Amino acid sequence: MIFAAILAGGVGNRMGEVDKPKQFLTLGDKPILIQTVEKFYLNHRIDEVIVLCHKYWINHTKDLIDEYIPNADNVTVVEGGELRNDTIMNAVSYIEGKYDLSEDDIIITHDSVRPFVTHRIIMENIKKTEEVGACDTVIPATDTIVVSEDKDKISNIPNRDFMYQGQTPQTFKILKLKECFNNLSDEEKSTLSDAAKIFVLNGEEVAIVRGEVFNIKITYPYDLKVANTIIDDAKLNISDAETGEYKVNLYDFDDK
């Protein structure tokens, strides 16, 4: 089976003075969270979508799903954890409590505020994980990467040809993810910046899937302005498609 874990536990402090976490802000005509969940809900390979959020926002999240995705029996809201990887492990615990898992079962983890993930990216994540056991979505670094270990002077400037910027989804064989996480020491767990590092620290292979520059994470107010521009552009192109001039799928910008 294949599960999607949508990580919606953040409170959005960097978004400025807003009355709700950023994943609940409006993008186009829907909340960002709903724009993201739909990409996985509509994918025929995914058996269940698990939305993980702060306990204070569980009821609000359920209400939004009922409003925008009625009769979505395969979308479940679960309480997240204190840290990102705790939230992912909460998803694993939920899945284990409901299903008898095999070594082939997969979890796709994705930021709730990356609403422009495409069908291609999701499908390639599934394919790579079936083959390798874990994968990460990345784009090549376009800027020079500068390392400063003391945050004052440059320590190193690595070769940009080997540098990538991480996105999501990150996708894993579920039982292997749990095994690798449990193998880590508390000190190693404290260094985790994302779930792919769980496999790296265990010496396990992590394949890479090509992301997209527009697969942005909406973190700051400027990001939301950019995201609304992307939405507006997609709607314009879809409208123009009625005249035969364009053919664009709002859910898969790769086809543009």
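**Close-up 1. The second largest pocket of this predicted model has a volume of about 150 Å³.** Its lining is made up of E103, V132, G133, K173, L175, K176, E179, F199, E204 and E205. By residue class, this lining divides into six charged, three nonpolar and one polar. The element that gives the most to the lining of the second largest pocket is helix 5, which spans residues 174–183 and supplies three residues. As general background to such a view, rolling a probe the size of a water molecule over the atoms shows where empty space is left.

**Close-up 2. Helix 3 covers residues 84–98 and is shown with its buried residues.** From first C-alpha to last, the 15 residues of helix 3 reach 22 Å, which is close to the 21 Å expected at 1.5 Å a residue. The residues of helix 3 that are buried are N85, T87, I88, M89, A91, V92, Y94 and I95. These buried residues pack against strand 1 (2–8), strand 4 (48–53), strand 5 (75–79) and strand 6 (106–111), and also against helix 5 and helix 7 (196–201).

**Close-up 3. N228 of helix 8 is shown with the residues that it touches.** Helix 8, in which N228 lies, runs over residues 221–241. Because its relative accessibility is 24%, and buried means under 20% whereas exposed means over 50%, N228 counts as partly exposed. Leaving aside residues up to four places away in sequence, N228 touches T26, L27 and G28. Of these contacts, G28 is 200 residues apart from N228 in sequence, yet the two are 6.0 Å apart in space, C-alpha to C-alpha.

Technical notes: Residues are numbered from 1 along each chain as its sequence is written. This is a predicted model: local features need pLDDT of at least 70, side-chain atom pairs count only at pLDDT 80 or more; totals for chains, interfaces and linings use all residues. Side-chain values use heavy atoms; hydrogens and water are left out. On a 1 Å grid over the protein atoms alone, a cavity is a set of points where a 1.4 Å probe fits but cannot get out, and a pocket is an open set with protein on both sides within 12 Å along at least five of seven lines; lining residues have an atom within 4 Å of a point. Grid points are joined across faces, edges and corners, and a volume is the space filled by probe spheres set on the points. Helices (H or I, at least four residues) and strands (E, at least two) are DSSP runs, numbered from the N terminus. Ala, Val, Leu, Ile, Met, Phe, Trp, Tyr, Cys and Pro count as nonpolar, Asp, Glu, Lys and Arg as charged, and the others, Gly among them, as polar. The expected span of a helix is 1.5 Å times one less than its number of residues. Buried means under 20% relative accessible area, exposed over 50%, partly exposed in between (1.4 Å probe, protein chains only). Contact means heavy atoms within 4.5 Å.
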